[in-house]
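Here's a walk through one protein chain with a ligand, starting with a quick sanity check on a helix. After that come the sheets, a pair of residues and the ligand shell.

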Amino acid sequence: METVDGVVVVGGGSVGLLTALKLGQAGVRVVVLEAGSGVSPSSRAVAFLPTTLAGLDQLGLLDDIRKRAVMCPDVAYRRGDGSLIAKMHWDVLAEDTQYPYALLLGQNHVSSILVEHLRALPNVEIRWNHRVEAVEQDDCYVTLRTSSPGGQTWLRSPWVAAADGAQSTVREQIGLELGGSHWPERMVALDVFYDFILHGYSRANFIHDPVDWAFVVQLDQSGLWRVCYEESSSLSDAQIRQRMPERLTRLLPGAPTPDQYRVEHFAPYQVSQRCVTEFRRGRVLLAGDAAHVTNPMGGLAMSGGVLEAVHLGGALINVIKENGALSVLDEYAVSRRQTFQAFTSTRSTAYFTWMKESGWIQRTRDLAMFKRVGSDRDVMREFLLQFDKLNGRRSRSLTSRIRLVTGMAKRLVNVAAKSMSDCASAALQTIKSAHKRLHRDTSIE
Ligand SMILES: Cc1cc2nc3c(=O)[nH]c(=O)nc-3n(C[C@H](O)[C@H](O)[C@H](O)COP(=O)(O)OP(=O)(O)OC[C@H]3O[C@@H](n4cnc5c(N)ncnc54)[C@H](O)[C@@H]3O)c2cc1C
């Protein structure tokens, strides 16, 4: 049996490849086992938030991603008729982060970039067409049985990172289940060529409407956009396709007819809020959709997955290369689960609920909240800084802490300077009017 003296990553989706890159760059021997024959062509997740960009930069990926991605300076919140409720500008974080913007790029492109970077590492090997079928572990090794075009293979490794997606075989083999619930409705992820910019749309837009709610976001530089909207779970895929022209006339600004747009791809899918009870069982650690799934509102699934991969990679490097205590793996497991439950799932659920709220009173309150956030840059900053919580307990980096403190100090100095200058001009004003009065009084005499 082959022994991989390092880590076997199961699943060559974005999270698995990111984990492999982090480990590979530290000199760890890594074998990635991927069931598919190459990078999945499906774009799925699109948005990479500022807090995630730091992780991608750390891995040396950011320049390549930036070249292909769409720069997203703001996020617009709109009503069903397309009119603007509020806009959140990422540049309010200019003093908090080096990356005061989001990047939009289909995760298939990100995975292709990852594969390019992995090819440069001789200690990392990706084995396409290798599906893991069975998993066993003892005190020293995890043993995996895979099926491949060449037949069945067996290999073992001291550590396995399971990133084999929502239907994870590894998770099932080690006896863990995803707990939680499904949303009753179906989500449709539709990719379409249409000129949203001509209609004044931002690169990312949340449309708030009890029926025609949607998430509209540019997918790449070719002019392809993603529209996510809801259909009833009682409809078949064929019925959803049949209803598409009528839905798009209502969902797209300018109420276009089918000859005015081109649908490239559509994927109806069920959304859930689900999570495993443990992210670590013995020598197997779970990450990405293998560990949790959430609705995609807010772009937190993929962004969280990126940070998880970086955290998991770091913890394994600590154990393998630096003789660290196994407790760092538990710290990873506990903190990522807590982050998912307390922030990722909660915030995605809030977005989902805000967008489709049908109660008039709650809806009016929500819209007022968005307007308030959109009209005050300090409140907007607080709102957008919430996304930092995706980092979990290893929250802010030292540099971003320094930036935050410097930013606060600058703001204080500005306030002090402003009040000093207000005082000075008030004093000047008083002197001037006293002088005028004196002059007037003297002239009268
Ligand atoms: C239609 C759709 C739209 C979405 N839109 C968004 C969005 O807008 N924003 C967002 O944040 N998220 C979105 N998501 C979720 C997002 O795509 C996932 O969170 C993300 O793909 C998770 O990455 P992953 O690497 O953990 O899993 P995956 O991308 O699913 O990768 C898992 C990999 O493991 C492989 N694999 C599976 N079983 C085995 C096995 N037994 N052996 C070996 N390999 C195996 C698979 O072939 C796959 O390549 C969307 C999901 C879907 C389905």
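The expected span of a helix is 1.5 Å times one less than its number of residues. Keep that in mind for helix H8, and remember that we're looking at a predicted model.

## A helix check

How far apart should the ends of H8 be, and how far apart are they? H8 covers residues 327-356, which makes 30 residues, so the rule gives 44 Å; the end C-alpha atoms sit 42 Å apart, and that agrees. The helix does have a kink, though: about 40°, centred on Phe 340.

## The chain overall

Zooming out, the protein chain holds 11 helices and 21 strands. Of its 445 residues, 41% are buried. If you take the contacts between residues at least 6 apart in sequence, 75% of them join residues at least 24 apart.

## Two open sheets

One open sheet has six strands in the order S9-S3-S2-S13-S20-S19, and its pairing is mixed. Its edges are strand S9 (124-127) and strand S19 (280-281), each of which pairs on one side only.

Strand S13 (residues 159-162) is a good place to look inside this sheet. Which of its residues are buried? Trp 159 and Ala 161 are buried on one side, Val 160 and Ala 162 on the other, so both faces of S13 are covered. S13 pairs in the parallel sense with strand S2 (residues 7-10) over four bridges. Along that pairing, Val 7 stands opposite Trp 159, and Val 9 has Ala 161 as its bridge partner. S13 also pairs with strand S20 (residues 284-286), again in the parallel sense, over three bridges. There, Ala 162 is matched with Leu 286.

Another open sheet is made of four strands, ordered S1-S12-S11-S10, also with mixed pairing. Strand S1 (2-3) and S10 are the edge strands, each pairing on one side only. S1 runs parallel to strand S12 (residues 151-157), with two bridges between them, and Thr 3 stands opposite Arg 156 of S12.

## Around strand S14

Strand S14 (residues 178-193) has antiparallel pairings with S17 and with S18. Here's the bridge count for the strand pairs covered in this report:

| Strand pair | Sense | Bridges |
|---|---|---|
| S14 and S18 | antiparallel | 13 bridges |
| S14 and S17 | antiparallel | eight bridges |
| S2 and S13 | parallel | four bridges |
| S13 and S20 | parallel | three bridges |
| S1 and S12 | parallel | two bridges |

Between S14 and S18, Val 192 has Val 263 as its bridge partner. On the S17 side, Asp 191 is matched with Arg 226.

## Two residues, two environments

Arg 262 belongs to strand S18. Is Arg 262 buried or exposed? It has 12 C-beta neighbours inside 10 Å, so Arg 262 counts as exposed. Even so labelled, Arg 262 has contacts with Val 192 and Phe 193, once its neighbours within four places in sequence are left aside. Arg 262 and Asp 191 are 71 residues apart in sequence, while their C-alpha atoms are 8.7 Å apart.

Asn 205, in strand S15 (residues 204-208), falls on the other side of the count. The cut-off for buried is 20 or more other C-beta atoms within 10 Å, and Asn 205 has 23, so Asn 205 is buried. Not counting residues up to four places away in sequence, Asn 205 touches Ala 76, Arg 78 and Val 216. Asn 205 also sits 8.9 Å from Asp 74, C-alpha to C-alpha, although the two are 131 residues apart in sequence.

## The ligand shell

Which residues come nearest to the ligand? Among the 33 residues around the ligand, they are Gly 11, Gly 13, Ala 45, Gly 165 and Gly 288. By type, the shell splits into 15 nonpolar, 13 polar and five charged residues.

Several elements contribute at least two shell residues each: helix H1 (14-25), strand S10 (131-137), strand S18 (262-276) and helix H7 (300-321). H7 provides the largest share, with four residues. Two of these elements have come up already: S10 is an edge strand of the four-strand sheet, and S18 is joined to S14.

Notes. Residues are numbered from 1 along each chain as its sequence is written. This is a predicted model: local features need pLDDT of at least 70, side-chain atom pairs count only at pLDDT 80 or more; totals for chains, interfaces and linings use all residues. A residue is near a molecule or strand if its C-beta atom, placed from the backbone, lies within 6 Å of it. Ala, Val, Leu, Ile, Met, Phe, Trp, Tyr, Cys and Pro count as nonpolar, Asp, Glu, Lys and Arg as charged, and the others, Gly among them, as polar. Two strands pair if DSSP finds at least two bridges between them. The bend at a residue is the angle between axes fitted to the seven residues ending there and the seven starting there. Two residues are in contact if their C-beta atoms, placed from the backbone, lie within 7 Å.
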